[in-house]
Amino acid sequence: MFKSDTTIQVNSNFHTIAGKSVVDRADARYREYRKKWEDWPVHFSHGDFPLHLDIEPTNTCNLRCPFCATTYNKYKQGFMKETTWKKILDECGKNNLYSLKFTYRGEPLLHPDLSKMVRYAKDVGVMDVYFNTNAVKLGEPVIRELIDAGLDRISISFEGNSKEVYEKYRVGASFDHVVKNIELLRDIKKELGAEKPLVRIQTVLVPELQGHEQEYATFWKSRSDEVAYLDMKDEMENPDHRGIIDYWACPQLFQRMTITWEGTILPCVHDIYEWMSLGKIETTTIKEAWNSAAEQNYRERHKAGKAHEIPACDRCPLRENEIDKIHGGK
């Protein structure tokens, strides 16, 4: 049962400003996947297996960005074991998973086996394999390994197009070094005649970039396939919006799941405290978690406009942003 005016919007916090979207592809199976990505949330349907998984190779990071939840929240840190990621990927292959991203809270290039993970995911048949990165560790050997492994796309997070703005927000990184890494990726692809990985350069829309999006796009469009920005969210405690009742439902509950480096299965990418755990991959399959009573309860509460009753959703920065936009704020 749900209110007829429950609002659910897909990808509303993401904006392409130059180039062609890396998810705009012609092949039939990919188009099938993106149609389900759009349609399942709108119709509150979810199939028997997620469309996409976010897998966390590690929750450690080499930067301390002030807008990122990883900077503020302290939790046990570590790296996903090979037995864990192989178990996950084997199930993905058996269930014809469309897409996965090797990213959650940390920097995936810190995991020494990332290229092996990518290759294994492609070998079991996952159509779209990618990850988000700050690109600090994106040197030549890594680039060649990832291309050889079959990486489909890569999203590089880069705030601004000047040293001043970038190094203010990407604390611990060098503007010149990372720009050079991104250009190296472009040049090696050209050298090899490789179409993939498709490259998206993206930024959180920090205050210095508001009104200057096209300048950002102009700087980056020759170095990438797509330039984009994401709405800035408050990743701290968010006490200002707790308890707000609104008929907004989260699309992620109908599209995707997240698995942490320790194997904890979560229903979305915003439950950084792991309050909504659906079990551990060692004892619970992805399919079981996706179809569990707990997951269905989360979906039903969102559909009924009762997301505020779920503690993780009540403090979720995405929910805060989306409700504010619906009511004329951001």
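**Close-up views of a predicted model**

**View 1. Strand β1 against strand β7.** Strand β1 pairs with β7 (residues 226-230) in the antiparallel sense, and five bridges join the two. The structure shown is a predicted model. Among the bridge partners, Phe 14 is matched with Leu 230 in β7. His 15 has Tyr 229 of β7 as its bridge partner.

**View 2. Strand β7 and its neighbour β6.** Strand β6 (residues 198-204) and β7 run parallel and are joined by five bridges. Across this pair, Arg 200 stands opposite Glu 226 in β7. Glu 226, Ala 228 and Leu 230 point one way from β7. Val 227 and Tyr 229 point the other way, and the residues of both sets are buried. Because five of the five residues of β7 are buried, the strand is largely enclosed by the rest of the structure.

**View 3. The nine-stranded sheet.** The sheet is open, has mixed pairing, and contains nine strands in the order β1-β7-β6-β5-β4-β3-β2-β8-β9. Its edges are formed by β1 (14-19) and β9 (265-266); each has a single partner strand, so one side of each is left without a neighbour in the sheet. In general, strands of a sheet pair through backbone hydrogen bonds, in either a parallel or an antiparallel sense. Both senses appear in the views above: β1 with β7 is antiparallel, whereas β6 with β7 is parallel.

**View 4. The buried face of helix α4.** Helix α4 spans residues 114-123, and its buried residues are Leu 114, Ser 115, Met 117, Val 118 and Ala 121. Seen down the axis of α4, these buried residues fall within an arc of 160 degrees, so they line one face of the helix. The elements that cover them include α3 (82-94), β3 (99-101), β4 (128-133) and α5 (140-149). Just after α4, Gly 125 has a positive phi of about 105 degrees.

**View 5. The two sides of helix α5.** Ile 143, Leu 146, Ile 147 and Ala 149 are buried in α5. Around the helix axis they cover an arc of only 165 degrees, which puts them on the same side of α5. Pro 141 and Asp 148, on the other side of α5, are exposed. The packing partners of the buried residues of α5 are α4, β4 and α7 (175-192). Thus α5 helps to cover the buried residues of α4, and α4 is one of the elements against which the buried residues of α5 pack. Just after α5, Gly 150 takes a positive phi of about 100 degrees.

**View 6. The largest cavity.** Rolling a probe the size of a water molecule over the atoms shows where empty space is left. One cavity of 30 Å³ or more is counted. The largest cavity holds about 120 Å³ of space. It is lined by 14 residues, of which Cys 250, Cys 268, His 302, Cys 313 and Cys 316 are the closest to its centre. By class, the lining consists of nine nonpolar, three polar and two charged residues. Helices α11 (311-314) and α12 (317-326) each supply at least two residues of this lining.

Notes: Residues are numbered from 1 along each chain as its sequence is written. This is a predicted model: local features need pLDDT of at least 70, side-chain atom pairs count only at pLDDT 80 or more; totals for chains, interfaces and linings use all residues. Side-chain values use heavy atoms; hydrogens and water are left out. Buried means under 20% relative accessible area, exposed over 50%, partly exposed in between (1.4 Å probe, protein chains only). Helices (H or I, at least four residues) and strands (E, at least two) are DSSP runs, numbered from the N terminus. The arc is that of the directions from the helix axis to the C-beta atoms. Contact means heavy atoms within 4.5 Å. On a 1 Å grid over the protein atoms alone, a cavity is a set of points where a 1.4 Å probe fits but cannot get out, and a pocket is an open set with protein on both sides within 12 Å along at least five of seven lines; lining residues have an atom within 4 Å of a point. Grid points are joined across faces, edges and corners, and a volume is the space filled by probe spheres set on the points. Ala, Val, Leu, Ile, Met, Phe, Trp, Tyr, Cys and Pro count as nonpolar, Asp, Glu, Lys and Arg as charged, and the others, Gly among them, as polar. Two strands pair if DSSP finds at least two bridges between them.
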